Amino acid sequence: MKLANEERAGLWLPRPPALEAVLGRLEALSLAPAFAGQREVALNRALKPYAEGEVGTVLDPLEQEADQARLILYCDFYPEDGQLTLLEQLRDTVSEHVGSDERLWLDPLKHSYLDLLEVSAPPGADRTLLVRSLGDGTAFRLPATEQTAPLTAGEGLLTRVVRDPAAYESGQAFWTGSALVLSPADAQALLEQTVEWRQEMEMMSGSFTLGEWQEFAKRYGHMLLWGYAKLRMQALVDAVRHIDYRHENGEPYLYAVALYDHHEFRFVADGLAEMTELAEEPPPEDAAAGGRRMRRWIQREARGGREVTVARITLTSSQLIVECDRPERLDALKHRVAAAFGFSLHFRGETLTPPARKITVEELAGPQPLTLVVTADEDRELLKKFLEEAYLEWSDQPHRALGGQTPRHAAASAALRDKVAALIDDMEASDPGLWRTGRRAYDY
C-alpha cells in the first residue's frame, strides 16, 4: 500500500537556493487576482481524478502530487484567457528586480517536464544518483541526499528535474522539490497506462503528431499524474480486497454469498460429494425437523497454525447456498457448480459486499492485512439486504420444482398450492441467518 501512504510514497528533496527563489516568485504570480482563475483551471486539470473521479471520494492527493501539479502550472500551463505564461510574466516583469542568478533558471524551467525516471544505480562515492527516463532513455545525474539513500536500482521516480543551467547538455540536473516513488512494477504500469492514453488521443484525433516523449510530456505531463492517481486507487481497492474479515469467534467471515434454486436434490448431493476439495460435515441439529433434507460441505485452509473454514456449501430441499471468505473464491466455486450441475440450478443472486466500515489509509498501509471483526448484528443486516434483493422477484419467476410455473401462478392452482407453501416453508427453515446468527434474516 505504499502508493496510498504519503510517508512511503513521496520524497521531499532540496533544490538550489536560486531555483527556490524563482519558484517562490512564480507561486506569488499565480496567486495574483488576475491569474487566480487560470491557476484553478491548471490545478484542476493536473489533479482531475481527485476533483472529478471516484478517487477523490476516498483519497486526497499526496502533498507531492500537489507539488508536481503546481510545477505544471508554473512551467507548462498556457493560460486559456490569453495571458502570458507565468514564466513569461516573470521574465518580462519590470516591477521588481530579478537577479541574474535567478534568471539563469528560467530557460531550464521552461524546457523541463514531468517525467517517469528509473533509478539506474544507487548513489556512489561521488554522491550522485543516476537515473534514466522510462519514456525515451534520457539519462540524468542528480544530487544524492539523505532522502534518496533508500532508493534501489529499478525503482521509479515520478518527478520533474531541471537541467544545470551552467552545463545544459551535460546530463547534470537538479531536483525541483518532490518526487513520488514507485516500485518497478508500478512504474511500468504507469508508463503503459500513459502510452495507452496517448495512443487513444492520437486515434481519436486521427493525427499522430503528439511528438517525441519529451514534447508529449511537456504538453501532457498531467496524464502521468492521472495515471498515478489511478494506481493509488487500485492499490487501495487491492488493500480493501485483502482485509481479513472474521467472526467474533475468530473464524473467517464468509461474506461472499451466492444463492440458487434447484429441483434435483439427489443429483446435486452426489455431485458435491465427488468434489475432492470439499469435506462433508454434519448438518445443523434441527436440519431433519419436519422431514427437511439438508447436507453441507466445507472447504478448509491452514491459517495461523490452524485449520479454518473458508467456504461452505449448504444444500437444502430446494436451494443451494454457497458462502466464501472472498469474492475470488466464490467465483471459482460458482464456476465449479455451474459446470457440474448446469441447468439443474437457477441462479437467484449473490452478494460480494463486506460490512461498511470507516477505515483510514494508514490502517490499510500496514505491513499485514487489516483484520476486522464482524458482529452478529452486522452479519444479519447484510444477509437481510441480500435476501430481500434475491427474493424480490421470486414469486414471478418460473421455478423448476413447480413444473416451470411461477410461484404466484402456481399458488392459484389447488393442485400446486401446497407445493408452493412447502417451498416457502423450506426457505424459511433454511434461512442462512439461522446458522450464522441464530436468527432468521428475512421475513418470509
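This is a short conversation about how helices and strands are arranged in a predicted model.

Visitor: What kind of model is this, and how are residues numbered?
Guide: The model is predicted: local features need pLDDT of at least 70, side-chain atom pairs count only at pLDDT 80 or more, and totals for chains, interfaces and linings use all residues. Residues are numbered from 1 along each chain as its sequence is written, and side-chain values use heavy atoms, leaving out hydrogens and water.

Visitor: Why is H10 called roughly perpendicular to H11?
Guide: Helix H10 (residues 184–205) and helix H11 (residues 213–220) pack at about 85 degrees, their axes 13 Å apart. Roughly perpendicular means 65 to 115 degrees. So H10 is roughly perpendicular to H11.

Visitor: Which residues make the contact?
Guide: H10 gives Leu 191, Thr 194, Arg 198 and Met 201; H11 gives Trp 213, Phe 216 and Tyr 220. Contact means heavy atoms within 4.5 Å.

Visitor: What makes S1 and S4 edge strands?
Guide: The open sheet has 6 strands in the order S1-S6-S5-S2-S3-S4, with antiparallel pairing. Strand S1 (10–12) and strand S4 (139–143) each have a single partner strand, so one side of each lacks a neighbour in the sheet.

Visitor: How do you know that S2 and S3 pair?
Guide: Pairing takes at least two bridges found by DSSP. Strand S2 (residues 114–121) and strand S3 (residues 128–133) are joined by 4 bridges and run antiparallel. Val 119 stands opposite Val 131 in S3.

Visitor: Which strands does H12 lie across?
Guide: Helix H12 (residues 222–241) lies across S2, S5 and S6, at about 70 degrees to S2.

Definitions and conventions. Axes fitted to C-alpha atoms, helices over the stretch in contact; angles between N-to-C directions. Helix = DSSP H or I, 4+ residues; strand = E, 2+ residues; numbered from the N terminus. Parallel < 35°, antiparallel > 145°, perpendicular 65-115°, else oblique.
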